[in-house]
Amino acid sequence: MFFRFVTTGEIRKRSEFFEPFIMGLANSTVEQFCKSSVEPMGEESDHVHITALSDALGVPIRVVYLDRSSCDNGSVNVNHHDFVPSSGDASSSSSSSGTKAAQPFIVLLYRPGHYDILYPK
């Protein structure tokens, strides 16, 4: 619950940055989005939530997910997306496509409807 309030605080603090994404995602105001999609327990987190949490904490987050969609041979690809805290500019996250990002401090495994924390071995 604590991290939900940290996330909603960051979204509200930087509402001008997040508003276009929220309008495209939920067609609601920042305030309505926070009350209906961020603060309630049981609501799924998405790109906006993780971007805001990474920015608020100042901690890089990597989300890894398994993808079988492009594999004809039955193998599974492991893909990831890095969320790097913004330094006040418009770019707050970068993907794995060639950008040298900060080493992620937190690694999450995304499964539909759920995130698990992955610990290094």
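Rings of Phe, Tyr and Trp (its six-membered ring) count as a pair if their centres lie within 6.5 Å; planes under 30 degrees apart are stacked, over 60 edge-to-face, and the rest tilted. This is a predicted model, in which local features need pLDDT of at least 70 and side-chain atom pairs count only at pLDDT 80 or more, while totals for chains, interfaces and linings use all residues. Residues are numbered from 1 along each chain as its sequence is written, and side-chain values use heavy atoms, with hydrogens and water left out.

**Exercise 1. Classify the aromatic pairs.**

Task: State how many aromatic pairs a search of the whole structure finds, then classify F17 with F18 and Y110 with Y115.

Solution.
- Step 1. The search of the whole structure gives 4 aromatic pairs.
- Step 2. Take F17 and F18: the ring centres are 4.9 Å apart and the planes stand at 85 degrees, so this pair is edge-to-face.
- Step 3. Take Y110 and Y115: the ring centres are 5.1 Å apart and the planes stand at 55 degrees, so this pair is tilted.
- Step 4. Check for clustering. F17, F18 and F21 form one aromatic cluster.
- Step 5. Add accessibility (buried means under 20% relative accessible area, exposed over 50%, partly exposed in between, with a 1.4 Å probe and protein chains only). F18 has a relative accessible area of 1%, so F18 is buried. Y110 is partly exposed at 29%. Y115 is partly exposed at 25%.

**Exercise 2. Lay out the chain.**

Task: Give the order of the secondary-structure elements of the protein chain from the N terminus on.

Solution.
- Step 1. Fix the terms: helices (H or I, at least four residues) and strands (E, at least two) are DSSP runs, numbered from the N terminus.
- Step 2. Count the elements. The protein chain has 4 helices and 5 strands.
- Step 3. Read the order: α-α-α-α-β-β-β-β-β.
- Step 4. Add the chain totals. Of the 121 residues, 32% count as buried. Contact means heavy atoms within 4.5 Å. Among contacts between residues at least 6 apart in sequence, 49% join residues at least 24 apart.

**Exercise 3. Describe how α1 packs.**

Task: Describe the geometry and contacts of α1 with α3, then those of α1 with α2.

Solution.
- Step 1. Choose the descriptors. Two packed helices are described by the angle between their axes and the distance between the axes. Axes are lines fitted to C-alpha atoms, for helices over the stretch in contact, and angles run from 0 to 180 degrees between N-to-C directions.
- Step 2. Set the classes: under 35 degrees is roughly parallel, over 145 roughly antiparallel, 65 to 115 roughly perpendicular, and the rest oblique.
- Step 3. Apply them to α1 (residues 2–13) and α3 (residues 30–38). The axes come within 10 Å and cross at roughly 165 degrees. The two helices are therefore roughly antiparallel to each other.
- Step 4. List the α1–α3 contact. R4, T7, T8, I11 and R12 in α1 meet V30, E31, F33, C34, K35, S37 and V38 in α3. By class, this contact has 5 nonpolar, 3 polar and 4 charged residues. Here Ala, Val, Leu, Ile, Met, Phe, Trp, Tyr, Cys and Pro count as nonpolar, Asp, Glu, Lys and Arg as charged, and the others, Gly among them, as polar.
- Step 5. Turn to α2 (residues 15–26). The axes of α1 and α2 come within 6 Å and cross at roughly 100 degrees. That makes α1 roughly perpendicular to α2.
- Step 6. List the α1–α2 contact. E10, I11, R12 and K13 in α1 meet S15, F18 and I22 in α2. These residues divide into 3 nonpolar, 1 polar and 3 charged.

**Exercise 4. Place single residues.**

Task: Locate V59, F3 and N27, and give the accessibility of V59, F3 and N27.

Solution.
- Step 1. V59 sits in the loop between α4 (47–57) and β1 (61–67). At 17% relative accessibility, V59 is buried. Leaving out residues up to four places away in sequence, V59 touches S54, F83, P85, F105 and I106.
- Step 2. F3 belongs to helix α1. Its relative accessible area is 46%, so F3 is partly exposed. With residues up to four places away in sequence left out, F3 touches L53 and L57.
- Step 3. N27 lies in the loop between α2 and α3. N27 is exposed, at 62%. Its phi is positive, about 50 degrees, although N27 is not a glycine.
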